[in-house]
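Dear colleague,

I am passing on the structure we spoke about, with the sequence alongside. Please have it open while you read the notes underneath.

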Amino acid sequence: MPASLDDFQVISTIGTGSYGTCKKICRKKDGKILVWKEMEYGSMTEAEKQMLVSEVNLLRELHHQHIVKYYDRIIDRTKAMIYIIMEYCEGGDLATLIAANKKNGESITEDFAWKILIQTTLALKECHRRKNGQAVLHRDLKPANVFLDKDSNVKLGDFGLARVLHSESSFAQTYVGTPYYMSPELVNNLSYNEKSDIWALGCMMYELCALSPPFTASNQSELNRKIRLGDFPRLPLKYSIELDMIIRKMIQVEVSQRPSIGSILADPLVQKRREALE
Ligand SMILES: CNC(=O)c1c(C)[nH]c(/C=C2\C(=O)Nc3ccc(Cl)cc32)c1C
């Protein structure tokens, strides 16, 4: 029996972005707290609608402890709206955490930084694992797309959909925000690849610790120049040289020099940190 909007009670709006609105909902039959991401697809071309459907179908096939669980989708054709129902992440998103730390003059601990790095890498490993030859590259890894559950464990969300909504379409103009995590290959109009997600992971980890992206500028051309150069300050000295080094390795201009997901997870220090998490 497909789900319907009447099966849920909307509790509150918990996030809005260029991709749509995120609402906290309650499933009436058992009181389970979930979220839905609601998006208007009326202005999409047929090709974009098909891409959105295939991205949602990919989401439903990804089952991993560090990827937001997909529950269901509801399509309201009368309003040209799609509602994607997913697990609730009580800890919110990393962008909110970074903003709060900046405001309060606080910073995350070294242990927490390693936890986020390891769990997000594990989530990307699952995304990149090819299913029927199809890799699900995240394409938009950033603090606003990484969520935390009640135990501050990582839940990666909102991937793949970015590909649909970034395409040259009526959605393009709704895409807001500076692409601080754009990799050198994307700046140079080369193809996006798995190592581009590694670059974004390095940028996200850097910002989580330093409370600022590695590359900032007041305009796109200056940002592109800095990204191509690849120079950025060391993490704040409270963080170990090992953490600075592994993040620095991810943010290398030369794609081939960046570590693979396998080599990150095989790093003896990562393994030691991972054992401490389990
Ligand atoms: C300030 N942020 C929040 O309060 C917040 C909370 C507590 N949860 C969320 C967002 C999600 C959430 O709780 N589960 C999600 C699954 C997929 C996606 Cl794309 C987003 C979410 C947000 C934005």
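What follows is a short account of the sheet and of the helices that were examined.

Please keep in mind throughout that this is a predicted model.

The sheet is an open one of 5 strands in the order β1-β2-β3-β5-β4, with antiparallel pairing, and its edge strands are β1 (8-17) and β4 (70-76), each of which pairs on one side only. From one strand to the next, the twist averages 25°.

Going through the pairs, strand β2 (residues 20-27) is joined to strand β3 (residues 32-40) by 7 bridges, and K23 has W36 of β3 as its bridge partner. The hairpin of β2 and β3 has 4 residues between the strands, and G31 takes a positive phi near 75° there. On to strand β5 (residues 81-87), β3 is again joined antiparallel, by 7 bridges, with V35 partnered by M86 of β5. Between β4 and β5 there are 6 bridges, also in the antiparallel sense, and D72 has I85 of β5 as its bridge partner. Helix α1 (residues 46-61) packs on the sheet, where it touches β3, β4 and β5, and its direction makes about 155° with that of β4.

There is also a helix pair to look at: the axes of α2 (residues 94-104) and α6 (residues 194-210) come within 9 Å and cross at roughly 30°, and α2 and α6 are therefore roughly parallel to each other. L94, L97 and I98 of α2 make the contact with M204, E207 and L208 of α6, and by class this contact has 5 nonpolar, no polar and 1 charged residues.

With best wishes

Notes. Residues are numbered from 1 along each chain as its sequence is written. This is a predicted model: local features need pLDDT of at least 70, side-chain atom pairs count only at pLDDT 80 or more; totals for chains, interfaces and linings use all residues. Side-chain values use heavy atoms; hydrogens and water are left out. Axes are lines fitted to C-alpha atoms, for helices over the stretch in contact, and angles run from 0 to 180 degrees between N-to-C directions. Helices (H or I, at least four residues) and strands (E, at least two) are DSSP runs, numbered from the N terminus. Angles under 35 degrees count as roughly parallel, over 145 as roughly antiparallel, 65 to 115 as roughly perpendicular and the rest as oblique. Contact means heavy atoms within 4.5 Å. Ala, Val, Leu, Ile, Met, Phe, Trp, Tyr, Cys and Pro count as nonpolar, Asp, Glu, Lys and Arg as charged, and the others, Gly among them, as polar. Two strands pair if DSSP finds at least two bridges between them.
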